[in-house]
Amino acid sequence: MQGLVIRNTGSWYEVREDTQGRILQCKIKGNFRLKGIRSTSPVAVGDRVTIQPNNDGTAYITHIADRKNYVIRRASNLSKQSHILAANVDMVLLVFTINYPPTSTIFADRLLATAEAYRIPAAILFNKTDRLDNEELQQIEQLNQLYTSIGYPCINASVLTGQGLDVLYPLLKDKVTLVAGNSGVGKSALINRLIPEAHAEVGEISNYHNTGMHTTTFSELYDLPEGGALIDVPGVKGFGTFDFEPQEISHFFKDIFLESSHCRFSNCMHLEEPHCAVREAVENGRIASSRYQAYLSMLGDKEEGKYRPAY
């Protein structure tokens, strides 16, 4: 029996089987953990799986079909290597807020680079624009120009008022989209706005720290009424990258990769090498310094314990 994983609670997986659309509570066979899958989530939302029903109405997941892609980050559980956020996605939608709470551009760029590494298109939704003052709106405009010039579609929006969502609908139609971002940026509110029956839990912002508080604790897939689906995942404070070689990281930054073709050395890491076109482009403003800093932060991921406090 074949099905689609639509919810991951950590110990149980909800699988919607293909023939009748029933949703079954499933566990994985123990031998999955013996096949070299060093992950906190060997099965992910979006996975196509084979299930074996039990007499009590539950089932075992016995096989995971080959994935066309996945989005992965360094695990918060230090005994593991990775955490797969979702599988078989067509797009990553980064929900970004200038304030209430603020989103770090380094976090955003690391997420975008990860999507690029797995060849998944990405778009950015700048949310809560209805709450911003003129200075903050100017920051949004600058970021909009930056990321649009790199090739990422950008939408200025307010999930609360509905502003900008008419532009978002065509991007989502008939796609499986991973909705990602820090806690509190409005991911669950967006899902509820697009899919009222979803009833995704919405949290509050801490007034003291101006940070989001976790409300989504499980990954879950929601079907869009007009085709496609959204995958909601718990908000993360950091995005520790996983399984990237230092020499290939610049390939995942479109703007840096473009300039790197002009470097004197083909293996230039854009650090201290002479005649580095990337560093020159940063100095001249052709590459945003924030993007270069995000690149440097990913190079530093090999440092032991670098991202432990963020989780």
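Select lysine 173 to begin: with a relative accessible area of 42%, this residue is partly exposed, where buried means under 20% relative accessible area, exposed over 50%, and partly exposed in between, for a 1.4 Å probe and protein chains only. Add aspartate 174, which counts as exposed at 54% relative accessibility, and the side chains of lysine 173 and aspartate 174 are seen to meet in a salt bridge, at 4.0 Å from N to O. The term salt bridge stands here for a side-chain nitrogen of Lys or Arg within 4 Å of a carboxyl oxygen of Asp or Glu.

What is on screen is a predicted model, in which local features need pLDDT of at least 70 and side-chain atom pairs count only at pLDDT 80 or more, while totals for chains, interfaces and linings use all residues. Residues are numbered from 1 along each chain as its sequence is written, and side-chain values use heavy atoms, with hydrogens and water left out.

A search of the whole structure finds 11 salt bridges. Go next to arginine 67 and aspartate 47, whose closest N and O atoms are 2.7 Å apart in a salt bridge. This pair links distant parts of the chain, 20 residues apart, with arginine 67 in the loop between β5 and β6 (70-74) and aspartate 47 in the loop between β3 and β4 (48-53). The element names follow DSSP runs, numbered from the N terminus, with helices (H or I) of at least four residues and strands (E) of at least two. Which of the two partners is buried, and which is partly exposed? Aspartate 47 counts as buried at 0% relative accessibility, whereas arginine 67, at 26%, counts as partly exposed.

Now select glutamate 259 and arginine 286, whose side chains meet in a salt bridge at 3.3 Å, N to O. Because glutamate 259 lies in helix α5 (residues 254-260) and arginine 286 in the loop between α6 (277-283) and α7 (289-299), the pair ties together parts that are 27 residues apart in sequence. Glutamate 259 is buried, with a relative accessible area of 14%, and arginine 286 is partly exposed at 47%.

For a network of salt bridges, select Arg7, Glu14 and Glu220, which are linked in one. Keep glutamate 14 selected, and look opposite this residue for glutamine 25 in β3. Strand β2 (residues 13-17) is joined to β3 by four bridges, and the two strands run antiparallel; strands are said to pair if DSSP finds at least two bridges between them. β2 and β3 form a hairpin with five residues between them, and glycine 21 in the turn has a positive phi of about 75°.

Colour β3 (residues 23-28) by side chain: Leu24, Cys26 and Ile28 point to one face and are buried, while Ile23, Gln25 and Lys27 point to the other and are not. From β3, move across to strand β5 (residues 59-64), with which β3 pairs in the parallel sense over three bridges; there, isoleucine 61 is the bridge partner of isoleucine 28.

The last stops concern the backbone. Most residues other than glycine have a negative phi, and most peptide bonds are trans. In the loop between β8 (91-96) and α1 (105-117), select proline 101; the peptide bond from tyrosine 100 to proline 101 is cis, with omega near -5°. Tyrosine 100 also has a positive phi, near 65°, and at 24% relative accessibility counts as partly exposed. Finish at lysine 128, in the loop between β9 (122-126) and α2 (134-150), where phi is near 65° and the residue is buried, with a relative accessible area of 13%.
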